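Okay, thanks for having me, everyone. I'd like to walk you through one model today, so get comfortable and have a look at the screen.

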Amino acid sequence: MTRPPLKLTDRIARALPQIVVAPSFAAILFFVYGFIIWTGYISLTKSKMLPNYNLIGFRPYERLFQMDRWSVALENLFVFGFLFIFAAIVIGCLLAILLDQKIRAEGFIRTIYLYPMAISFIITGTAWKWIMNPSLGLETVVRGWGWESFSFGWTNSETMAVYALVMAAVWQSAGFVMALFLSALRSVDQDIIKAASLDGASPWRIYIRIILPSMRPVFMSAVVILAHLAIKSFDLVVALTGGGPGYASTLPANFMYEMTFRRNEIGVGAASAMVMLATVAAIMVPYLYSELRGKKHV
Amino acid sequence: MKTISLSLVSALALSATFMATPSLANPKAEVLHYWTSGGEAAAVKSLQEAFAARGGEWVDAPVAGGGGDAQAAVLRARVLAGDPPAAVQIKGPNIQEWAEAGALADLSSVASAQNWDAVLPAAIQDIVKYEGNYVAVPVNVHRVDWIWANPEVLAKVGATVPTTWDEFNATADKLLAAGIIPLAHGGQPWQDATVFETVVLGIGGVDFYRKALVDLDMDALGSDTMVKVFDQMRKMRGYVDPDFPGRDWNLATAMVMRGEAAMQIMGDWAKGEFAAAGKVPGKDYICASTPSENGYLLNSDSFAMFEVSGEDNKQGQALLAELILGTEFQETFNLLKGSIPARTDVPRGKFDDCAIKSMDDMVSAAEGGTLLGSMAHEIAQSGAVRGAFIDVATAHFNSDMSSEEAVSKLVDAIKLAQ
């Protein structure tokens with residue numbers, strides 16, 4: 001069957017979506033994927049101060065994994081990432097459920113919880129640095145009230161500094177997670193809930209069995225957003241602990257910056273960036289795959 | 001990775017705007033620097049005025065922040081794009097690395113006309129020369145191994161500024177017993193490393209410092225002397241207050257000023273803080289070198305001159321080089337910055353007692369062969385090795401690692417960084 005020839009305007013109209021999307025597609029292709037490939041290439045070279053294009057194999061990776069600073073950073077990423085995502089979701093979810101009980105002044109309270117999200121991590125970090133400073137902050141205040149043995153010097157402790165990061169990050173992000181969950185809670189079909197309560201299900205059971213499972217896509221959004229926040233965390237560390245004491249609370253992003261821009265070790269810096277990318281991919285790709293595939297079947 | 005691409009893009013965009021400036025026949029120089037605050041900004045302005053007075057056109061390219069990290073990113077992009085600025089504030093082994101990359105200009109003609117060889121100490125010439133030719137111009141010398149002490153606080157325990165490390169420990173113990181913080185210190189890696197290198201110089205001596213921190217001799221790095229150095233560092237840890245992690249150096253200086261702490265080990269940029277508070281050297285505070293056998297750890301800022309094209313740029317660059325090492329600018333600049341001139345023949349009249357002591361010590365150290373580059377401030381070692389030293393020094397200082405473990409970590413880290 002022959003189709004009648006298209007008029008020029010029709011052709012343009014048909015191609016318009018592609019034309020509009022093309023520039024941003026090209027930009028992303030070049031600036032994101034192009035630079036990923038470039039970084040991958042550089043991570044296999046002996047680049048020091050300037051990029052050097054002679055391949056030397058996996059030596060930068062070997063050096064990377066022999067560095068104590070890197071193992072500390074990687075370990076911190078797992079501790080920080082896991083606790084941050086877990087705590088932000090649990091606290092955000094709880095807040096959302098509590099706010100959903102048709103309480104008074106809900107709009108006002110919701111705004112209060114959501115506000116930390118409007119602050120940059122630099123501010124959060126600086127504020128918490130003061131709060132957690134033993135001689136300026138909470139510790140002095142509580143001791144002033146008479147609890148003499150109270151101690152809250154997390155940022156000054158080698159073992160606790162990474163938990164100080166978690167606390168500040170959760171404080172900042174829990175309100176956002178709450179907003180996500182709250183909107184999801186509101187969109188759950190009320191008829192199902194009514195039916196369940198007519199059948200004699202307790203509110204607890206309704207939440208566990210009906211409401212939370214129906215919010216699965218929101219969990220996914222929350223995990224995706226929080227995971228990328230965790231992995232790219234840089235400014236929070238700089239402002240809150242400066243990576244210290246020593247380098248006990250550095251994260252891989254800080255390591256990458258230190259190597260690439262301060263120590264003239266572009267090769268090792270690029271290798272650490274690739275490991276970070278691989279870490280993200282290892283966590284996110286299977287998750288996204290299973291979630292998105294699952295959706296299609298429904 | 002995002003950071004790399006981002007800074008590359010912004011640097012490229014930045015260089016594009018500079019490329020658009022029209023060329024003139026007058027001497028012209030684009031100066032990339034990170035002296036953007038307080039006394040440093042005033043010092044740069046004085047250079048700018050002197051340059052303009054000689055008919056030069058100054059293109060200012062300040063990159064604030066990060067102690068030069070941000071500038072380094074811009075510089076890399078500019079050089080890769082084939083459009084380097086005429087003069088860039090870089091120092092130490094970075095100069096050698098850029099020279100090796102073939103990016104620096106030869107300043108021999110200015111140097112011989114101005115007779116630089118006669119006025120610069122050999123240790124400083126080594127920093128700014130590549131294969132026997134000048135490629136950079138030193139601006140100043142900061143001494144690193146200083147103790148800044150509050151005499152009133154020391155008098156409370158009947159002590160004076162210690163001249164040996166044993167005396168330092170004895171005085172510090174007395175201060176602790178009297179409930180005074182002996183050492184004001186900021187727990188940032190570079191500050192830990194600053195204390196570390198003064199201890200290496202003091203406990204190990206000049207030769208040991210040279211072997212271990214300059215020549216990276218593995219035997220010296222793994223020696224019992226290094227164990228003793230870390231033992232002393234562990235003692236120093238006991239002399240700082242519990243709130244030290246993350247504190248900025250100037251806040252530590254303020255603790256000495258207010259009498260909360262007795263001493264601080266810091267380079268002579270600390271003097272600027274005392275001066276700004278109207279304190280008088282010798283009366284309100286004392287500057288003394290840290291205990292060592294006439295050692296002198298120097299930190300020197302300099303401007304590296306990049307290979308530029310165009311007669312106006314070349315002329316501007318030569319004029320700038322001449323002015324930077326001229327006695328007039330060396331005097332004005334260093335009075336503002338709190339450091340001392342890199343050349344030894346600058347009139348001393350306007351400098352304070354600490355600066356004059358520093359000048360005397362530098363001359364005698366240069367003669368005695370005890371003038372050494374600072375490791376912590378990136379003169380003796382470049383980024384990677386310096387970073388390895390700092391990592392171990394700071395990890396030891398901020399944990400309960402044993403001295404033996406620190407020494408073995410140090411040897412491994414230095415091998416890895418080389």
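I'll go from the contact between the chains to a sheet, then a helix pair, and then a few single residues. Keep in mind throughout that this is a predicted model.

So, how do the two chains meet? On one side, 34 residues of chain A are in contact with 29 residues of chain B. If you look for where the chain A side comes from, helices H1 (8-42), H2 (59-66), H3 (68-99), H12 (252-262) and H13 (266-297) of chain A each give at least two residues. Sorted by class, that side of chain A has 14 nonpolar, 13 polar and seven charged residues.

Now let's move over to chain B and its sheet. What is the order of the strands? It's an open sheet of four strands, and you read them as E14-E7-E12-E15 of chain B, with mixed pairing. At the edges sit E14 (340-341) and E15 of chain B, each of which pairs on one side only.

Let's cross the sheet strand by strand. E7(B) and E14(B) are antiparallel and share two bridges. In that pair, B:Val141 has B:Ile340 in E14(B) as its bridge partner. Next door, E7 (residues 140-143) of chain B also pairs with E12(B), antiparallel again, over two bridges. There, B:Arg143 is matched with B:Leu298 in E12(B). Then comes the parallel part: E12(B) is joined to E15 (residues 371-373) of chain B by three bridges. One spot to find on your screen is B:Tyr296, which stands opposite B:Leu371 in E15(B).

Stay on E12(B) for a second. In a regular strand, side chains alternate between the two faces of the sheet. Which way do the residues of this strand point? B:Tyr296 and B:Leu298 go one way, B:Leu297 and B:Asn299 go the other, and all of them are buried.

Okay, helices. H13 (residues 224-238) and H20 (residues 403-417) of chain B have axes that come within 8 Å and cross at roughly 120 degrees. Because of that angle, H13(B) counts as oblique to H20(B). The crossing is right-handed. Who's touching whom? From H13(B) we have B:Met226, B:Val227, B:Phe230, B:Asp231 and B:Arg234, and they meet B:Ser403, B:Glu404, B:Ala406, B:Val407 and B:Leu410 of H20(B). By class, the residues of this contact are six nonpolar, one polar and three charged.

Last bit: single residues. Most residues other than glycine have a negative phi. Two in chain B go against that. B:Asn115 has a positive phi, near 55 degrees, and B:Glu378 has one near 60 degrees. Both are in loops: B:Asn115 between helices H5 (108-114) and H6 (116-119) of chain B, B:Glu378 between E15 and helix H19 (383-397) of chain B.

Are those two buried or exposed? B:Asn115 has 9 other C-beta atoms within 10 Å, so it's exposed. B:Glu378 has 22 C-beta neighbours inside 10 Å, so that one is buried.

And one from chain A to finish: A:Leu229, in helix H10 (residues 216-232) of chain A. It has 19 other C-beta atoms within 10 Å, so it counts as partly exposed. A:Leu229 and A:Gly81 are 148 residues apart in sequence, yet their C-alpha atoms are 8.8 Å apart in space.

That's it from me, thanks for listening!

Terms used. Residues are numbered from 1 along each chain as its sequence is written. Chains are lettered from A and ligands numbered from 1 in the order in which they are written. This is a predicted model: local features need pLDDT of at least 70, side-chain atom pairs count only at pLDDT 80 or more; totals for chains, interfaces and linings use all residues. Axes are lines fitted to C-alpha atoms, for helices over the stretch in contact, and angles run from 0 to 180 degrees between N-to-C directions. Angles under 35 degrees count as roughly parallel, over 145 as roughly antiparallel, 65 to 115 as roughly perpendicular and the rest as oblique. A crossing is left-handed if the near helix is turned anticlockwise from the far one by less than a right angle, and right-handed if clockwise. Two residues are in contact if their C-beta atoms, placed from the backbone, lie within 7 Å. Ala, Val, Leu, Ile, Met, Phe, Trp, Tyr, Cys and Pro count as nonpolar, Asp, Glu, Lys and Arg as charged, and the others, Gly among them, as polar. A residue is buried if 20 or more other C-beta atoms lie within 10 Å of its own, exposed if 12 or fewer, and partly exposed in between; C-beta atoms are placed from the backbone. Two strands pair if DSSP finds at least two bridges between them.
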